[in-house]
Amino acid sequence: MNIKLMLKQHIGSPCKPIVEIGEIVNRGQLIAIPSGLGARIHSSVTGKITCISDSEIIIIPDENQTNEYIKIKKTQNHLEAIEEAGVVGAGGAGFPTYVKYSSPIKGGYIIANAAECEPILNHNIRLLEEAPELVVKGIKYAMGITGAEKGYVAIKPIYKKALIAVGRACKEESNIEVKLLSNIYPVGDERVIIRELLGKVLEPGQLPIKMNSIVSNVETLKNVALAIEHRKPVIDKDITVGGRLLNAKRGCVFLNQPIGTPIKKFIDKSGGYVKPYGEIVVGGPFTGLKAYETTALTKTSGGILVSMPFPSENRKIGLIECECGASIERLNEIALGMGAKVVATTECKRMVEVNGRSRCDKPGECPGQAEKVLSLKKEGAEVILSATCED
Ligand code: SF4
């Protein structure tokens, strides 16, 4: 089972390899560095490099692997440790964390995003249940780096066990609190979190920094704590596996899995497929993308889901896009999978154009789409495929 380390696991440009074919590398060893905005990439296994291309480095791992790793070099300060370790937003965004934490937010807020918004996914909540102290440490380090005054853990009340665990972990911390989120989708959106926790409204396209805040996923904060305290690079990922799988219909969590592992390994570990099955999706049910058995785990992979086969649909179809759901490209892909002919497309009525991009005006305050459905029907659609949160 080869390990495939993608050279772009972050927002920015692909990293530049600093190793050669045939070289033996150790788990934790730095193997690629940013060539612009990006984050360092380290080997997640000990083994031999067999292929390097513009997009990936392939390693044949030694038979015996351990959890040991080569530590990142000693750094002058915590921000440098985060940069050295290649920490990026693990919730899916992949923005380099050292860049995000480079903006001071004196007197502001560090918010740990534990919304676990997409159905089935549960690895962020499991992390809070099993190692809440790591997340709280990550918050403290982030506060120290940025000058934030308060830390919040944003979580839904439905996750009782995690809520109690993290509540205990921050009991002694006078400036860190647990805050409850509504049980809606997409409450994990940064703008919704800021609105729910601080009562402040960000305009479409505005970032939390505008409200003197930084929002980080809980796994990102874990990686921050590990980088600073254990000098551990980002080489492992937490993941949820679910869907048409024998032992994971309701989701099965695997913590600390080597990045670069082909996702088929997790499908097998979950008992294999339940037939009939459809496509494999990496990410959540709302925003995930089509993947293949050979697709590799990255620093931002969320879930590995196996769907039902697409229903067959040979009528004319209309598509409705939402900022927090499937993109129009993804909806077209699904329509194609069903054998349907796309005759018209539109977007949720709350979408507005900002800097040439469609953004949601009020995420989480999702309207009905009757008017949009009627307009699609006028254009010949006989059935509608909607990615909106409400319908
Ligand atoms: S208001 Fe519309 S675009 Fe915004 S999150 Fe809800 S359904 Fe999506």
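Helix α4 (residues 132-146) of this predicted model is mostly covered, with twelve of its 15 residues buried. The buried positions begin with Pro 132 and end with Thr 146. Between them come Leu 134, Val 135 and Val 136, then the run from Gly 138 through Ile 139, Lys 140, Tyr 141 and Ala 142 to Met 143, and finally Ile 145. A reader tracing the helix will find that Lys 140, a charged residue, is listed among the buried positions. From its first C-alpha to its last, α4 reaches 21 Å, close to the 21 Å expected at 1.5 Å a residue. Just after the helix comes Gly 147, which has a positive phi, near 85°.

Burial is also a feature of strand β17 (residues 316-321). Five of its six residues are buried, so the strand is largely enclosed by the rest of the structure. Two strands pair with β17, and both do so in the parallel sense. Strand β18 (residues 341-347) is joined to β17 by six bridges, while strand β21 (residues 383-386) pairs with β17 over four bridges. Ile 320 is a handy residue to display here, as it has a bridge partner in each of these strands: Thr 346 in β18 and Ser 386 in β21. The connection from β17 to β18 involves helix α9 (residues 328-338), and the three elements together make a right-handed β-α-β unit.

The surroundings of the ligand can be described next. Its shell holds 15 residues, of which Cys 322, Cys 348, Arg 350, Cys 360 and Cys 366 come nearest. Sorted by class, the shell has nine nonpolar residues, five charged residues and one polar residue. Cysteine is counted as nonpolar in this sorting, so the four cysteines named above fall within the nonpolar class.

A further sheet lies among the earlier residues of the chain. This open sheet has four strands in the order β1-β7-β6-β3, with antiparallel pairing. Its edges are formed by β1 (3-6) and β3 (24-25), each of which pairs on one side only. At the β3 edge, the neighbour is strand β6 (residues 47-52), and the two strands pair in the antiparallel sense over two bridges. Val 25 of β3 can be located through its bridge partner in β6, Gly 47. For anyone following side chains along such strands, it may help to recall that in a regular strand they alternate between the two faces of the sheet.

Terms used. Residues numbered from 1 in each chain as written. Predicted model: local features only at pLDDT ≥ 70, side-chain atom pairs only at ≥ 80, totals over all residues. Buried ≥ 20, exposed ≤ 12 C-beta atoms within 10 Å, placed from the backbone. Pairing = 2+ DSSP bridges. Right-handed = clockwise from strand over helix to strand, strands pointing away. Near = placed C-beta within 6 Å. Expected span 1.5 Å × (residues − 1).
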